[in-house]
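Dear colleague,

I am passing on the structure we spoke about, shown just below. Please keep it open while you read the notes that come after it.

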Amino acid sequence: MASSATTLLFHHGSTRLIARTRCQSPLLRTCGVKPFLSFRSSRGGSTAPLGLPLKAKSVGLARAYVTGAPPIVGEEDPKIDGSKSEPEKEESKDLIKWGLVWSLMSKHKLRLVVCLLTLVGCSTCTLSMPVFSGRFFEVLIGVRPDPLWQLLSKIAVLYSLEPIFTIVFVTNMNAIWESVMATLRAQIFRRVLIQKAEFFDKYKVGELTGLLTSDLGALNSIVNDNISRDRGFRAFSEVFGTICILFTLSPQLAPVLGLLMLAVSVLAAVYKRSTVPVYKAHGLAQATMSDCVSETFSAIRTVRSFSGEKRQMSLFGSQILAFQRSGLKLGTFKSINESITRVAVYISLLALYALGGSKVKTGELAVGTVVSFIGYTFTLTFAVQGLVNTFGDLRGSFAAIERINSILNAVDIDEALAYGLERDIHTKKVQDENLRLFLSSGPNVNIRHLDKYYMSDLKSTNNLRTLTWAGDVCLDDLHFAYPLRPDVKVLDGFSLTLRSGTVTALVGSSGAGKSTIVQLLARFYEPTQGRITVAGEDVRMFDKSEWAKVISIVNQEPVLFSLSVAENIAYGLPNDLVSKDDIIKAAKAANAHEFIISLPQGYDTLVGERGGLLSGGQRQRVAIARALLKNAPILILDEATSALDAVSERLVQSALNRLMKDRTTLVIAHRLSTVQNAHQIAVCSDGKIIELGTHSELVAQKGSYASLVGTQRLAFE
Ligand SMILES: Nc1ncnc2c1ncn2[C@@H]1O[C@H](COP(=O)(O)OP(=O)(O)OP(=O)(O)O)[C@@H](O)[C@H]1O
C-alpha cells in the first residue's frame with residue numbers, strides 16, 4: 001500500500017467497517033511497515049482494534065500531530081468516535097487536586113524553606129516571651145540573681161526578632177500562595193473555556209463566575225487569612241508549643257490547668273465558629289437588597305410604564321425588614337462572641353490563680369512559673385481559636401474545591417478545541433507572556449486525560465483554508481438532539497449542499513432547526529448522526545480553533561466586547577497581522593467608517609459592555625467589518641438584518657452583499673428581499689429539507705415556499 005494509513009472498506013449489513021493500518025513512527029512510515037490493523041464502525045462509532053493495543057497506537061500518532069507532522073490519516077471516510085482507551089477513562093478528571101497544589105507550591109522550594117525557618121523563629125519568640133515575663137518578676141522580687149539589664153536586653157532581642165520573622169514569613173508565604181492561586185485561576189478559566197457547548201447550556205453565567213470568585217476565594221483564604229498570628233501554622237505551632245512548655249514548666253500543674261485551658265478555649269472557639277451562618281445570612285440579606293435596588297433602577301422605564309413603583313417599594317420594604325431582623329440576631333451573637341473569649345481566659349486564669357497560687361504558697365512552685373502560666377493562658381486561648389477558624393476555613397475550601405471539580409467534570413471537555421488551543425498556546429508562548437500562566441503547571445497536567453486516540457485522527461490543518469475556499473460544504477444526513485434534551489429530535493435526516501462561492505438561503509418555520517444548523521456548522525455541537533464535510537473531508541478531522549478561522553457568523557444581535565471599535569473589528573486576529581489601514585478598509589466596506597469617525601475618539605472609542613454604547617445597526621456593521629477583516633471562506637448570516645429599521649437595513653444589506661461576494665454563504669432570513677436573490681433556497685421543516693431550488697423554481701412548484709411568498713410572509717409564523 002502506498003500511504004502510511006490505509007483504509008479497507010468492508011460492507012457488512014448496514015454497518016461499514018473501516019480497516020486501517022498505520023505506522024507508529026515516521027521511521028516505520030517511510031519503511032512501509034504496518035504495525036497494526038484496526039476496524040472501526042463508521043456508524044456506531046465503536047472501535048475494535050485488532051493486533052496491537054489501541055493505547056500503543058495512539059501515543060505514537062499523538063506525538064506526530066503535536067509536532068506539526070504532515071497529515072496522518074487519509075481515509076476516504078474518517079470517523080471520529082471519541083471512544084477512549086480504558087486507563088484514560090478511569091483517570092480522575094478533577095482539575096484541582098492536592099497533588100497539583102503541592103506541585104505548584106514546591107516550585108518555590110527556597111521560599112518554602114525560608115517560610116519554615118521563619119515560622120520556627122517567630123513561634124519560638126512568641127513561646128519564649130511568657131518565660132521571660134516570669135523571670136522578669138523573679139528578678140524584681142529578688143528570687144533571681146541575674147542583672148535586670150541583661151534580662152531586658154534578651155527580651156528586647158525577642159521583641160525585635162519576632163516582627164522581623166513575621167514579616168519574612170508572611171511575605172514569602174503570600175508570594176507562594178499568590179503564585180499558586182494565579183495558576184489555579186488560569187487553569188479553571190481555561191477548563192471552562194474548553195467545555196463543550198452543552199456545559200454553557202447547563203450552567204448559568206453566575207455559577208461559572210462563582211467558581212472563579214467565591215469558590216476560588218475560599219481556597220485563597222486557606223493561606224491568605226491564615227498567615228496572621230494566631231491562625232494557621234502559627235496557631236498550630238503555638239498550641240503545640242504551649243502545651244509542651246506547660247508540661248516542662250510544671251508537670252504537676254500542666255495536666256489539670258493545660259487541659260482545662262485547652263477545653264475552655266476549644267468550646268469558646270467552636271461556639272464562635274457556629275455563628276458564622278448568622279453572619280452569612282446577614283450578608284445574603286444585604287445582597288438581596290442590593291439586587292432589588294439594581295434591578296429596580298436598571299429597569300426604571302419598565303417599572304414606570306407598568307406603575308410598578310408600589311410593588312417595588314413593597315418588595316424592597318420586605319427586604320429591609322428581613323435585613324433588620326438578621327441584623328438584630330447578629331447583634332445578639334456579636335455580643336456573646338465579644339465576651340466568650342474573655343470568659344475562656346477568665347475561667348483559665350481563675351483556675352490558675354487558685355491552683356498555682358496555693359502551690360506557690362506551699363513552696364512547690366516558683367512565682368515566675370505562675371507568671372509564665374498567665375502568659376500561656378492568653379497564648380493558648382487565642383491560638384486555639386485561630387486553629388478552630390483555620391479548620392473551618394479548610395472545611396470551606398474542601399467544599400469549594402469539590403464544587404469546582406464537580407462542575408468542571410459534569411460535561412466533557414471539547415477535545416477538538418482543547419488540542420488546537422494547547423498547540424496554539426505552545427507556539428504563542430514566546431510572544432505572549434500572559435499565556436505562560438496557562439502553561440505553568442506543565443502541559444501534561446492538563447491534557448493528560450484528553451483522548452489521545454481522538455487527537456491521532458486530526459489532520460494537519462495546513463490546507464484547510466484552501467479546501468474551504470474551493471470546496472462545497474455538505475451537510476450529509478444530519479440527525480441531532482440537544483444534549484440537554486436528548487429526546488427531542490431537532491434534525492432528522494437534514495441534507496444540504498452549500499456550493500462553493502454561492503449563497504444558500506435557509507427558510508422555515510420557527511423552531512424548524514435553522515439556527516441549529518448554524519450551531520452544527522460552527523461546530524458548537526456535533527451531530528448525533530451524519531456528518532458535515534468540506535471538499536469531501538469530514539470537518540471533525542480539523543481541530544476547532546482552525547475551523548473557527550474559516551467560518552464567520554454574523555447574527556441578529558452581534559456581541560461586541562468592551563474594547564475600542566478598532567479592537568472589536570480586529571478581534572481574534574493576531575495583532576502583528578492587522579494594520580490600522582486594514583481595519584479602516586474593512587470598516588469602509590462595511591459602511592461603518594462614517595459613523596466610527598464621528599464617535600468621540602474615532603476608532604479608539606470604547607463600545608461599552610456588549611457594545612451597549614452603539615446602536616443596533618452600528619453594532620451590526622462593526623460585526624460585518626470584523627467578518628470582512630477575518631476573510632473567512634464560509635459565511636453564515638443568521639437573521640442578520642431582521643432587527644433593523646429601513647435605513648440601517650439598507651446600509652447593512654449593502655455591506656453584507658460585499659461580504660458575501662465569492663464566499664460560501666448560508667443565509668437564514670425571514671425577509672423575502674434577503675432570500676430571493678440567493679443561488680438556492682432550502683425550505684426546512686421538522687428538521688429536514690422539504691423544498692430546494694431557486695426563487696423562481698420554488699414559486700413555480702407552488703409548494704410551501706410559494707405559499708409563503710403568496711402571503712408576503714416568508715417565515716411560517
Ligand atoms: N440549546 C438548546 N438546548 C435545547 N434545545 C434547544 C436549544 N436551542 C434550541 N433548542 C430547541 O431546538 C429546536 C430548534 O431550534 P432552532 O433555534 O434551531 O429553530 P429555528 O428554526 O432557528 O427557529 P427561529 O426561526 O424561531 O429562530 C427548538 O425546539 C428549540 O426549542
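The notes below go through the annotated spans, one helix pair and two sheets.

Please bear in mind throughout that this is a predicted model.

I begin with the record: UniProt, in an unreviewed entry, places the feature "transmembrane region" at residues 112-137, 157-177, 239-271, 339-356 and 365-388. Of these spans I looked at two in the model. Residues 157-177 are 100% helix and 0% strand, with the end C-alpha atoms 30 Å apart, while residues 365-388 are 92% helix and 0% strand, with a distance of 32 Å between the end C-alpha atoms.

Next comes a helix pair, in which α4 (residues 98-105) packs against α6 (residues 148-193) at an angle of about 130°, the two axes being 9 Å apart. An angle of that kind is neither roughly perpendicular, which would need 65 to 115 degrees, nor roughly antiparallel, which would need a value over 145, and α4 and α6 are therefore oblique to each other. The crossing of α4 past α6 is right-handed. On the α4 side the contact is made by Val101, Leu104 and Met105, and on the α6 side by Ile176, Val180 and Thr183; sorted by class, the contact of α4 with α6 comprises five nonpolar residues, one polar residue and no charged residues.

Further along the chain there is an open sheet of four strands, in the order β6-β5-β8-β9, with antiparallel pairing. Its edges are β6 (491-498) and β9 (537-538), and because each has a single partner strand, one side of each is left without a neighbour in the sheet. Within this sheet, β5 (residues 473-480) pairs with β6 in the antiparallel sense over six bridges, and Leu475 has Leu496 in β6 as its bridge partner. Helix α19 (residues 514-521) lies across β5, β6 and β8 (529-534), and runs at about 115° to β5.

The other sheet is also open but has six strands, in the order β10-β11-β12-β7-β13-β14, and its pairing is mixed. Here β10 (551-555) and β14 (688-693) stand at the edges with a single partner strand each, so that one side of each has no neighbour in the sheet. On average, and with direction ignored, neighbouring strands of this sheet are turned by 20° against each other. Strands β7 (residues 503-508) and β12 (residues 664-668) run parallel and are joined by four bridges, with Thr504 standing opposite Leu666 in β12. Across β10 and β11 (634-638) lies helix α24 (residues 616-630), which runs at about 170° to β10.

With best wishes

Notes:
Residues are numbered from 1 along each chain as its sequence is written. This is a predicted model: local features need pLDDT of at least 70, side-chain atom pairs count only at pLDDT 80 or more; totals for chains, interfaces and linings use all residues. Two strands pair if DSSP finds at least two bridges between them. Helices (H or I, at least four residues) and strands (E, at least two) are DSSP runs, numbered from the N terminus. Two residues are in contact if their C-beta atoms, placed from the backbone, lie within 7 Å. Axes are lines fitted to C-alpha atoms, for helices over the stretch in contact, and angles run from 0 to 180 degrees between N-to-C directions. UniProt positions are given in the numbering used here, feature names are shortened, and annotations may be inferred rather than shown by experiment. Angles under 35 degrees count as roughly parallel, over 145 as roughly antiparallel, 65 to 115 as roughly perpendicular and the rest as oblique. A crossing is left-handed if the near helix is turned anticlockwise from the far one by less than a right angle, and right-handed if clockwise. Ala, Val, Leu, Ile, Met, Phe, Trp, Tyr, Cys and Pro count as nonpolar, Asp, Glu, Lys and Arg as charged, and the others, Gly among them, as polar.
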